[in-house]
Amino acid sequence: MVRVRFAPSPTGFLHIGAARTCFFNWLYARNREGTFILRIEDTDMARSSEEMTEGIIEGLRWLGLDWDEGPIFQSRRLPLYRQKAQELVEKGLAYSCYCTPEEIQERTKKTAGAGDFWGYDRFCLELSEKQRLRFESEGRAKAVRFLVPEGEIRYTDSIHGDITVDNKNIEDFVLLRGDGLPTYHLSVVVDDMESQITHVIRGDDHISNTPKQILLYQAFGAKPPKFAHLALILGPDKKKLSKRHGGTSVLEFRDQGYLPLAFLNFLAQMSWSPGEERIYTLEELVGKFALKKVSKGSPVFDLNKLEWLNGRLISGMSAEELTPLVRKEMQASNLWQETFAEEQKPWFDKMINLVKERSRTIRVFPKAAMPFLVDEITYDPAGVEKHLRDERLDTLLPLLAKDFQAMDEFSAPEIEQVLRKRAEEEGVKAALLIHALRMLVVGEPVSPGIFAVLELAGKEKTLERMSRLSDVRSLVEKKGE
RNA sequence: GCCCCUGUCGUCUAGCCUGGUCCAGGACACCGCCCUUUCAAGGCGGCAGCACGGGUUCAAAUCCCGUCGGGGGCGCCA
């Protein structure tokens with residue numbers, strides 16, 4: 001039975017790297033029909049906060065990564081860690097240390113360059129009873145250090161393969177701090193043992209920590225889990241992810257109009273290849289996931305790919321699926337009306353289907369819908385200059401308006417037919433009318449196909465906006481002065 | 001400084017384990033063409049890579065060694 005966990009520390013956001021670690025744990029659990037546990041590593045009281053915990057959980061919820069057990073809070077299990085540390089001291093596998101960081105630093109400085117000494121010098125390993133009592137009476141804080149044995153640690157990483165480290169490169173690390181709080185190494189191993197974690201899937205930054213933790217498992221007489229270390233995600237500058245490039249909370253991506261499924265596909269396809277490049281359903285990704293397939297090299301975060309994936313997802317979604325998302329976005333822009341969900345639903349669906357083809361994020365919907373919903377639109381000055389200055393429009397537009405007026409069914413194909421006929425009769429290119437209409441009705445030089453746009457706007461609105469030709473011209477002139 | 005990990009087009013990735021089918025495949029981005037009412041989408045085409053140097057071999061992106069580059073760790077942070 002596979003048991004995995006995601007164990008963030010609430011000292012920061014759920015950033016893209018953590019999200020990917022979480023996702024891969026989740027994928028593995030689901031793929032192997034195992035159990036996925038959420039654990040909050042909040043033993044660093046000074047830097048942890050409840051807000052961060054909530055933010056992380058909100059991020060996981062948004063991504064749809066559900067957990068089967070937890071969240072387990074380490075801060076509520078402190079006595080257990082103390083007990084476990086004590087257990088090792090009694091077995092002679094760990095020892096109390098009274099040294100202050102300053103003293104250690106002082107001694108290390110002295111021996112620097114002498115060769116072997118680079119870590120803790122084991123000053124407290126064999127304290128005489130007298131010295132020990134003196135330190136105690138001085139009221140010194142007492143930490144517990146692990147006694148690293150000689151030898152080497154060898155383990156097989158599911159992604160990297162065999163990794164060997166000589167124990168002489170591991171110092172007697174601290175298990176329990178002077179204030180009685182556990183360090184990461186202790187708490188992580190104690191909790192993973194108790195939760196019976198079978199696979200530890202985490203970032204590459206923990207590769208060097210793994211031997212220490214294996215040592216702890218051995219000391220506790222437990223079998224270490226399998227380890228899999230994911231290469232760290234890099235920014236576009238090939239440096240560690242920064243605030244500027246994806247180093248922020250995943251919720252930022254939600255707010256930018258990205259969809260969870262696109263984001264998860266992005267995370268997945270950043271580290272392995274499920275096959276062809278497209279959007280996969282969660283079920284497909286679960287089915288295809290395998291730790292051995294995860295690449296060893298560090299991927300560079302590429303926003304282009306995310307956008308492309310997101311755009312493909314949106315284009316492929318139905319109006320039905322898109323509506324709740326678009327609704328939220330429009331509510332934020334004060335453009336939503338309840339009738340869109342009722343009598344105007346057919347119209348609204350049509351609008352969504354028109355806009356979705358060219359949308360890479362949900363965010364563009366309100367702007368695209370704007371011209372259909374408000375009376376006063378804004379006009380792009382350059383577009384006006386380019387498409388509304390032709391004097392022939394002064395006579396053509398009224399003629400076209402009359403044509404439109406006479407139509408029974410104001411639908412896209414009918415509109416196109418009428419417009420092209422008029423253009424032909426007047427000996428002008430249809431494009432002249434099309435561009436002018438786009439500017440007048442939408443206000444922008446860019447929009448979905450104009451005939452569908454006009455149908456969506458409706459006859460009345462179309463005619464009203466066509467009649468504003470001279471107003472729009474002078475509006476822009478005024479601004480230009 | 002010491003230790004560990006890593007290195008295929010600008011970016012992601014397939015291939016590497018089990019050498020030949022790879023003068024390296026796909027995708028994003030970019031460029032061009034087609035379509036066309038604009039922008040997209042779509043279709044077609046293009047640009048571009050096995051970090052470098054040795055070795056093993058009839059044959060190396062694939063195996064071995066070294067160099068260089070990138071990343072991480074070396075905390076009474078996680």
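Thr-361 touches Gln-256, Gly-257, Tyr-258, Asn-310 and Ile-314 in this predicted model, residues up to four places away in sequence being left out of the count; contact here denotes heavy atoms within 4.5 Å. The position of Thr-361 is in the loop that joins α13 (345-356) and α14 (364-373), where helices (H or I, at least four residues) and strands (E, at least two) are DSSP runs numbered from the N terminus. With a relative accessibility of 11%, Thr-361 counts as buried, a class defined by a relative accessible area under 20%, as against over 50% for exposed and the range in between for partly exposed (1.4 Å probe, protein chains only).

Because the model is predicted, local features need pLDDT of at least 70 and side-chain atom pairs count only at pLDDT 80 or more, whereas totals for chains, interfaces and linings use all residues. Residues are numbered from 1 along each chain as its sequence is written, chains are lettered from A and ligands numbered from 1 in the order in which they are written, and side-chain values use heavy atoms, with hydrogens and water left out.

A second buried position is Val-250, whose relative accessible area is 0% and which belongs to helix α8 (residues 250-255). Apart from residues up to four places away in sequence, Val-250 touches Leu-14, His-15, Ile-16, Ala-19, Gly-59, Trp-62 and Phe-263; from the last of these, Phe-263, Val-250 is separated by 13 residues in sequence and by 9.1 Å in space, C-alpha to C-alpha.

Three strands form an open sheet with parallel pairing in the order β1-β2-β3, two strands being taken to pair if DSSP finds at least two bridges between them. Its edge strands, each paired on one side only, are β1 (3-6) and β3 (69-73), and neighbouring strands are turned by 25 degrees against each other on average, direction ignored. Angles run from 0 to 180 degrees between N-to-C directions, with axes fitted as lines to C-alpha atoms, for helices over the stretch in contact. Helix α1 (residues 16-31) packs on this sheet, touching β1 and β2, and its direction makes about 165 degrees with that of β1. Helix α2 (residues 50-63) lies across β1, β2 and β3 and runs at about 155 degrees to β2.

Another open sheet of three strands, paired in the antiparallel sense, has the order β4-β5-β8, with β4 (94-97) and β8 (174-176) as the edge strands. Four bridges link β4 to β5 (residues 143-146), and Ser-96 has Val-144 of β5 as its bridge partner. Helix α3 (residues 78-90) packs on the sheet and touches β4, β5 and β8, its direction making about 125 degrees with that of β8.

Around RNA strand B there are 59 residues, of which Asp-44, Cys-99, Glu-171, Arg-177 and Arg-358 come nearest; a residue is near the strand if one of its heavy atoms lies within 4 Å of it. Elements that each supply at least two residues of this surface include β5, β7 (161-166) and α11 (303-316). Of the atoms of RNA strand B within 4 Å of the protein, 68% belong to sugar or phosphate and the rest to bases. An N or O atom in the side chain of Arg-47 is 2.7 Å from a sugar or linking oxygen of RNA strand B, while one in the side chain of Arg-420 is 3.0 Å from a phosphate oxygen of RNA strand B.

Conventions. Polar contact = N/O pair within 3.5 Å; in protein donor to acceptor, adjacent residues only side chain to side chain.
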